Structures are given as structure tokens and as C-alpha cells.
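Grab your viewer and work through these exercises on the structure below. Each one has a task, followed by a solution in steps.

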Amino acid sequence: MKVKLMVLLMLGLSTTACQITPEKLVTVGAEAYETATLSNQDIKQLSDDSCKQMDAKSHIAPENSPYTQRLNQIAKTLGYTINGTKINYKVYLTQDVNAWAMANGCVRVYSGLMDKMTDNEIQGVLGHELGHVALGHSKKAMQVAYATQITRGLIATSTNSTLATLTESQIGDLAEQLINSQFSQKQETQADNYSFNFLVKKGINPIGIANAFDKLGGGDASILSSHPSSKQRADNIRQKIAQMKKTQ
């Protein structure tokens, strides 16, 4: 029972807010705990479904769009696989400023973000997002999002599988929660550092990461959460660049 209660606490949910009775707590806690053992195939399936749902409700830039052509050129410099996971890049035509990646390699960039950034800055942002995938953060975010839906009683697992059959509406809710999920300070720093090392390995100037933080300043993009601050994150990258130059 202690393990089941810890799962609920880790998800940041209260029994009052979720209206979970003592009897339901045992069942829901067990189901939430089971999501920790979701297979990689389960995570991929949930990510595939979530990505398809987001694509269906978004305005995707066509192949002949300047946005798509520009992103394709940037993607060539970054590559199309991360730790064996194939990366699929697309642009959403929207004034929103954001970019995100799911555990299945689904990477989406908003045209509003592309309007604000140089190619090098986009490389830095995408390196960061790919870092979340490579480091397992996106997988953990999916597990938490899925478990949260279970604890809120919005979905229920079947008796013979931890993976539920979800409606389009439920998948949509899961996708929204996933792309709006907040990573921890440690995860954000790890993804920043991954982007730095990733770009350097690719022969790309990592200053774009710091410049992106300067330009967006921790505003409305989920990739720039307020912890740590955008200034701290930019300073971290610039310190790494300075250290790299000393050793060259």
C-alpha cells in the first residue's frame, strides 16, 4: 500500500481533487503503479496515437511550404535517428511559439517559433527536444500523463493489459497533457547539456542554444520553463563554449 500511495503522491494528485474514495484508492493506485512497467512498445503506441491526434487537429505545413523546406534543411544537419529511434519532423502553421518531441521520435515545430529564430537557434532548440527523447524524459512524461489519466478516472485499463483502449477524446487529452508537461530542473539542464554535446558532435555551433534562450526569455514556450531561468540556461551554455575553446 505504501508503494501505491507514493505513486499518487509522485503524480501530485490529492484524493480530494480526484474524488478518490478509500476503496478506489487501492484499485487506482495499483493501476497507476502498473504504468511504471509499460513496455517500450506500449509507450510507442501511446506516442504514435497522441502524435496522430495532434497532427489531425493541427494545420501541418505542406511539402512545398517554405517552413517545411527550411525545417527539412535543418533536419539534415541533425539527422533522422536518436538511439535507434526514427525522427519524424513536421511544422505546425500557428503563431504559437513552441516545439516538442515525443518518445516515438515525433518532433513538431511551430511556425511561430521558426519566425522568431535563426536556423542555428532552431538547431539548438531541437537538440534540446531530442535530448528529452534520448535521455528517456519523454518516455517518463508519457508514463506520468497516462497514469494521471487513470488516477483521475478518465481511463481504465483492461483486466489483461496495462494499456487501455482509448477513445479519440481520451487520446487528445493525453496528447495535450503530454506536450504541456513540465520537466524538472534536472531534466531541463540535462537536455540543455545534451543539446550542447549533440551539436558539437555534429559540427554545429552550440551558441544557438544560448541565443534561443536570450530571444525567448522563458516566455510562452514550454521548452523554456521558468526553472531554471532562461538566463541561467544561456549562461550555462556560454560557460561550456568558453571551456571548450580553452581546451582546443
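**Exercise 1. An asparagine in a loop**

Work out where asparagine 83 sits, what is notable about its phi, and whether it is buried or exposed.

- Step 1: Find the flanking strands. Asparagine 83 is in the loop between β1 (81-82) and β2 (85-86); strands here are DSSP runs of E with at least two residues, helices are runs of H or I with at least four, and both are numbered from the N terminus.
- Step 2: Check the backbone. Phi of asparagine 83 is near 50°, which is positive even though the residue is not glycine.
- Step 3: Look at accessibility. Asparagine 83 has 64% relative accessibility, so it counts as exposed. The cut-offs are under 20% relative accessible area for buried, over 50% for exposed and partly exposed in between, using a 1.4 Å probe and protein chains only.

Before going further, keep in mind that this is a predicted model: local features need pLDDT of at least 70, side-chain atom pairs count only at pLDDT 80 or more, and totals for chains, interfaces and linings use all residues. Residues are numbered from 1 along each chain as its sequence is written, and side-chain values use heavy atoms, with hydrogens and water left out.

**Exercise 2. The disulfide**

Find which cysteines form a disulfide, then work out its handedness and what it ties together.

- Step 1: Search for sulfur pairs. A disulfide is a pair of cysteine sulfur atoms within 2.5 Å, and the structure has 1 of them.
- Step 2: Name the partners. They are cysteine 51 and cysteine 106, with sulfur atoms 2.0 Å apart.
- Step 3: Read the torsion. It is about 60° around the S-S bond of cysteine 51 and cysteine 106, so this disulfide is right-handed.
- Step 4: Place the ends. Cysteine 51 belongs to helix α4 (residues 40-57) and cysteine 106 to strand β5 (residues 106-110), so the pair ties together parts 55 residues apart in sequence.
- Step 5: Check exposure. Cysteine 51 and cysteine 106 are both buried.

**Exercise 3. Salt bridges**

Count the salt bridges, then take apart the ones made by aspartate 48, aspartate 55 and lysine 231.

- Step 1: Apply the rule. A salt bridge needs a side-chain nitrogen of Lys or Arg within 4 Å of a carboxyl oxygen of Asp or Glu, and the count comes to 10.
- Step 2: Start in α4. Aspartate 48 pairs with lysine 44 at 2.8 Å, N to O; both lie in helix α4, 4 residues apart, about one turn of the helix. Aspartate 48 is buried at 19%, while lysine 44 is partly exposed at 39%.
- Step 3: Go long-range. Aspartate 55 meets lysine 90 at 3.7 Å, N to O. This pair links distant parts of the chain, with aspartate 55 in helix α4 and lysine 90 in strand β3 (residues 88-92), 35 residues apart. Aspartate 55 is buried at 14%, and lysine 90 is partly exposed at 29%.
- Step 4: Move to α12. Lysine 231 and aspartate 235 bring their closest N and O atoms to 2.9 Å, again 4 residues apart in one helix, α12, about one turn. Lysine 231 is exposed at 57%; aspartate 235 is partly exposed at 28%.
- Step 5: Look for shared partners. Asp55, Lys90 and Arg108 are joined into one network by salt bridges that share partners.

**Exercise 4. Two crossing helices**

Describe how α7 and α11 cross and which residues meet.

- Step 1: Choose the descriptors. Two packed helices are described by the angle and the distance between their axes.
- Step 2: Get the values. The axes of helix α7 (residues 119-134) and α11 come within 7 Å and cross at roughly 95°. Axes are lines fitted to C-alpha atoms, for helices over the stretch in contact, with angles from 0 to 180 degrees between N-to-C directions.
- Step 3: Classify. That makes α7 roughly perpendicular to α11 (under 35 degrees is roughly parallel, over 145 roughly antiparallel, 65 to 115 roughly perpendicular, the rest oblique).
- Step 4: List the contacts, meaning heavy atoms within 4.5 Å. Asn120, Glu121, Gly124 and Val125 in α7 meet Ile207, Gly208, Ile209, Asn211, Ala212 and Lys215 in α11.

**Exercise 5. Around α12**

Locate serine 229 and find what methionine 244 touches.

- Step 1: Serine 229 lies in the loop between α11 (207-216) and α12 (230-247), and is partly exposed at 28% relative accessibility.
- Step 2: Methionine 244 is in helix α12. Leaving out residues up to four places away in sequence, methionine 244 touches Phe196, Val200 and Pro206.
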